[in-house]
Amino acid sequence: MARYAYVNGRYVDHREASVHIEDRGYQLADGVYEVVGVRAGKLVDETPHIDRLDRSLRELRIGWPVSRNTLGFIIRELMRRNRLRDGLVYMQVTRGVARRDHAFPTAPVKPSLVLTTKTTKHIVADPGPGVAVKSQPDIRWGRCDIKTVALLPNVLAKQAARESGAYEAWLVDAKGCVTEGASTNAWIVTGEGELVTRQTDNGILAGITRHTLKSICNSLQLKLVERPFTLAEAKEAKEAFITSATSFVTPVVKIDGDPVGDGKVGATARRLREEYVRFSDEGEAVT
Ligand code: PMP
């Protein structure tokens, strides 16, 4: 089966899909992206993801390449063409193609729009054995709230984690606090049973999964505190887990080689994953 990508108005063979070498995304990482998870043919939390794309674009003063309605149509058309049942839709908008100069182009340029899909395993409620994380210094810039394609610090941190056998990197700021994962939000459950995740500000990405899970925690009457937590506190925690559009809620059982709690998947993470999977079952299937 042919796999399609969407590039600036056309559905093209994924192997042939390309953008111009002077695209500012390619040259300067002058662009933003979004990832929407797909489970059993349903888009998970599409609206808040597109709202965040809108915010990222506004923060960087990049225009919408197509209308929001049209983007919704393109997402669905690509899913149908690629028969996407489980995985993700990736979308990227850059400032467009212009003669290379750091400053914005003075003549109007059309932003570039690229969409791809990726198939992944069907996510189930059972979390499996959990994952290991490795701490890495957070060397990113001061606007981590914008979902830009400038991901080099995240790339290097994730690579260091993978080379040590860990699944994810936990980024640690100058104060010794865990900000977030390289591509996930970070959570712990304290000995007192309190859920802790860092507050959203310019230091982290306001994860959509994080946001939805907050509502789920509320409905379950779990105590959640949004505040910084140190790496040392995480290592002493009863449980830890990560959230993202593609990993849902994934328990963390090891930090820097040391077991979290008893080293097994915790009850809170297990429950929240179940609830999030249930949440993802809502809505209309596209494919
Ligand atoms: N933080 C970072 C740095 C990320 O890249 C992601 C994944 N987009 C997240 C957190 C999780 O965000 P979401 O739940 O919206 O996928």
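I take a pocket to be an open set of grid points with protein on both sides within 12 Å along at least five of seven lines, and its lining residues to have an atom within 4 Å of a point. The model I am reading is predicted.

**Entry 1: the second largest pocket**

I began with the second largest pocket and listed its lining. K42, L43, V44, D45, E46 and R76 belong to it, and so do F279, S280, E282, G283, E284 and V286. I noted a volume of about 170 Å³. Next I asked which elements give two or more residues to this lining. They are β4 and α7, the latter spanning 267-280. I then sorted the lining of the second largest pocket by class. Six residues are charged, four are nonpolar and two are polar.

**Entry 2: the sheet around β4**

β4 came up in the pocket, and I looked up its sheet. Six strands make an open sheet, in the order β2-β1-β6-β5-β3-β4, with antiparallel pairing. Which strands sit at the edges? I found β2 (10-13) and β4 (42-43), each of which pairs on one side only. I checked how β4 is held to its partner. Strand β3, residues 31-39, runs antiparallel to β4, and two bridges join them. I also looked for the residue facing K42 of β4, and R39 stands opposite. K42 is thus a residue I had already listed in the lining of the second largest pocket.

The loop between β3 and β4 holds A40. I read its backbone angle. Phi of A40 is near 50°, a positive value in a residue other than glycine. For reference, most residues other than glycine have a negative phi.

I searched for another case of this kind and noted Q221. Its phi is positive, about 60°, although Q221 is not a glycine. Q221 sits in the loop between α5 (208-219) and β12 (224-226).

**Entry 3: the helix across the sheet**

I followed helix α3, residues 68-81. It lies across β1 (4-7), β2, β3, β4, β5 (87-94) and β6 (112-119). I took its angle to β6, and α3 runs at about 35° to that strand. R76, one of the residues lining the second largest pocket, falls in the range of this helix.

**Entry 4: two domains**

I pulled up the domain assignment. It gives domain 1 as 4-119 and domain 2 as 131-280. How far apart do the C-alpha centres of domain 1 and domain 2 lie? I noted 26 Å. I then looked up the contacts between the domains. 21 residues of domain 1 are in contact with 20 residues of domain 2.

**Entry 5: cavities**

How many cavities of 30 Å³ or more does a search of the whole structure find? The search finds two.

I took the largest cavity first. Its volume is about 80 Å³. The lining holds G37, V38, R39, D86, G87 and L88, together with T120, K121, I123, A245, T246 and F248. β3 and β5 each supply at least two of these residues. β3 gives the most, with three residues. By class, I noted five nonpolar, four polar and three charged residues in this lining. Why does the largest cavity lie between domain 1 and domain 2? Both domains give residues to its lining, so the cavity lies between them. R39 is in this lining, and I had met R39 earlier as the residue opposite K42.

I closed with the second largest cavity. About 40 Å³ of space lies in it. I listed K238, E239, A240, V252, V260, K264, V265 and G266 as its lining. Four of these residues are nonpolar, three are charged and one is polar.

Definitions and conventions: Residues are numbered from 1 along each chain as its sequence is written. This is a predicted model: local features need pLDDT of at least 70, side-chain atom pairs count only at pLDDT 80 or more; totals for chains, interfaces and linings use all residues. Side-chain values use heavy atoms; hydrogens and water are left out. Two strands pair if DSSP finds at least two bridges between them. Helices (H or I, at least four residues) and strands (E, at least two) are DSSP runs, numbered from the N terminus. Contact means heavy atoms within 4.5 Å. Axes are lines fitted to C-alpha atoms, for helices over the stretch in contact, and angles run from 0 to 180 degrees between N-to-C directions. On a 1 Å grid over the protein atoms alone, a cavity is a set of points where a 1.4 Å probe fits but cannot get out, and a pocket is an open set with protein on both sides within 12 Å along at least five of seven lines; lining residues have an atom within 4 Å of a point. Grid points are joined across faces, edges and corners, and a volume is the space filled by probe spheres set on the points. Ala, Val, Leu, Ile, Met, Phe, Trp, Tyr, Cys and Pro count as nonpolar, Asp, Glu, Lys and Arg as charged, and the others, Gly among them, as polar. Domain bounds come from an automatic or database domain assignment.
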